[in-house]
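This report covers a strand, a helix and a set of charged pairs. Please keep the sequence and the 3D view open while reading.

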Amino acid sequence: MDLRPADLLKEWKAGKYRPAYFLAGEEGASKEQALECLRAAFKNDAFNFSELSGETAELGPAIVSEALTPPAFAERRIVIVSLAKAAEEVRESLRGYLEEPLETTTLVLVAEDKRPDPKDTLRKLTEKWGGVCVFWPFREEEARSLLIQEAKKAGKILNFDAAGALVAEAGVDWRVLKQELEKAVLFVGAAKEIGLKHILACLGYHKASDPFAMTRLAQSRRLKEALAHLRRLFQEGKPSDQAFRALAQINAAVQKQFRARRLLASGLGPPEVFEALRLNARFDSDFLTWLRPLSEARLRQDLKRCLRTETDLKSKSWLDPKMEIEHLVVDLCRKG
């Protein structure tokens, strides 16, 4: 089983290191944060810390030689290798090393792949050490929570609606979100709270005219409008990025409907449901109307369909992200 990024960080911060790691995935900011943690732990040990590139064939033996060198006056040597433009000869050298890595060396292979190929031999060889970690894009709720935590570090309170609007508008790329949050912190000045009006006033990273459109279209099951909105989204950025962003919004929308159906079945009234789900009486005025024809069984099936789409996009690199999301929307909007 792959390591979760949070578990990887926890492991490194505790000073525990495996013989080899394979880092991949498209959430580049989180991947870089993990590497910064590693650099911070070894920044004062020039003898036992090195970062190398595998761009040319002749670098293969040098990288392996570095990894096979015992640490000097320390317990461990760290070798980070970028696979972004690695020559096949370098990859072959690394494959040979990974068959029997040196116990006192930690080799960290950093792949550029956004959706790593499960057949990659370097990844497969690293799996036996349990060191594969894929940095998938954040889910919307994860990105929201991180933004609220980051705002606290800056001494600000980012309210839930503001965090949601920022994620809906700018996507889930942490580097972009952090930049936009920094702008909002400066914008409010001495004020303690960052609200929705502040986010909308200073947001400069525009992704769509209506940041909540995909959520509303998924909940209302309006097929024609949803497909038209998806086509606009796919014109604004890379298909894989836009697909995961749309999927996160669709999944969150259906999850909210499923929770609402459960809460209503437990005896709660609409006001309590709105409060429990942090719905806004103004922006979510049609929420219960859209929910009415959807049974709990139907919503459970819809959630399974979202999960299956996410699993397929992450594990089958040959799939067309645009087509998979459109098929998901068609399924969700089906009658009955």
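A salt bridge here is a side-chain nitrogen of Lys or Arg within 4 Å of a carboxyl oxygen of Asp or Glu. The model is a predicted one.

**Salt bridges**

The structure holds 23 salt bridges. Side chains of opposite charge can pair when their charged atoms come close. Three pairs are listed below, each with its N to O distance.

| Acidic residue | Basic residue | N to O distance |
|---|---|---|
| E66 | R77 | 3.2 Å |
| E127 | R123 | 3.6 Å |
| D302 | R298 | 3.2 Å |

Take E66 and R77, whose side chains meet in a salt bridge. This pair links distant parts of the chain, 11 residues apart. E66 belongs to helix α3, residues 59-67. R77 belongs to strand β3, residues 77-82. Is each partner buried or exposed? Buried means under 20% relative accessible area. R77 has 5%, so R77 is buried. E66 has 24% relative accessibility and therefore counts as partly exposed.

E127 and R123 sit within one helix, α5, which spans residues 121-127. They are 4 residues apart, about one turn of the helix. An α-helix has 3.6 residues a turn, so residues three or four places apart point the same way. R123 is buried because its relative accessible area is 10%. E127 is partly exposed, at 40%.

D302 and R298 both lie in helix α15, residues 296-315. Because they are 4 residues apart there, about one helical turn separates them. Both D302 and R298 are buried.

Salt bridges also form a network, which links E32, E36, R39 and E51.

**Strand β1**

Strand β1 covers residues 20-24, and 5 of its 5 residues are buried. Which residues lie on each face of β1? A20, F22 and A24 are on one side. Y21 and L23 are on the other. Both faces are covered.

β1 pairs with two strands. With β4, residues 105-110, the pairing is parallel and runs over 4 bridges. In that pairing, Y21 stands opposite V108. With β5, residues 132-134, β1 also runs parallel, joined by 3 bridges. There, A24 has V134 as its bridge partner.

**Helix α7**

Helix α7 runs from residue 160 to 170 and is mostly covered. How many of its 11 residues are buried? The count is 9. They are A162, A163, G164, A165, L166, V167, A168, E169 and A170. One of these buried residues, E169, is a glutamate.

What covers the buried residues of α7? Helices among the covering elements include α6 (140-153), α8 (174-188), α9 (196-202) and α12 (239-265). Strands include β6 (157-158) and β7 (193-194).

Now look at the two ends of α7. At the start, a side-chain oxygen of N159 reaches to within 3.2 Å of the backbone nitrogen of D161. After the helix comes G171, whose phi is positive, near 90°.

**In brief**

The R77 partner of the first tabulated pair is buried, whereas E66 is partly exposed. In the α5 pair, R123 is buried, whereas E127 is partly exposed. In the α15 pair, both D302 and R298 are buried. β1 is buried along 5 of its 5 residues, and it pairs in the parallel sense with β4. Helix α7 is mostly covered, with 9 of its 11 residues buried.

Conventions:
Residues are numbered from 1 along each chain as its sequence is written. This is a predicted model: local features need pLDDT of at least 70, side-chain atom pairs count only at pLDDT 80 or more; totals for chains, interfaces and linings use all residues. Side-chain values use heavy atoms; hydrogens and water are left out. Buried means under 20% relative accessible area, exposed over 50%, partly exposed in between (1.4 Å probe, protein chains only). Contact means heavy atoms within 4.5 Å. A polar contact is a pair of N or O atoms within 3.5 Å; within protein, one must be able to donate a hydrogen and the other to accept it, and residues adjacent in sequence count only if both atoms are side-chain atoms. Two strands pair if DSSP finds at least two bridges between them.
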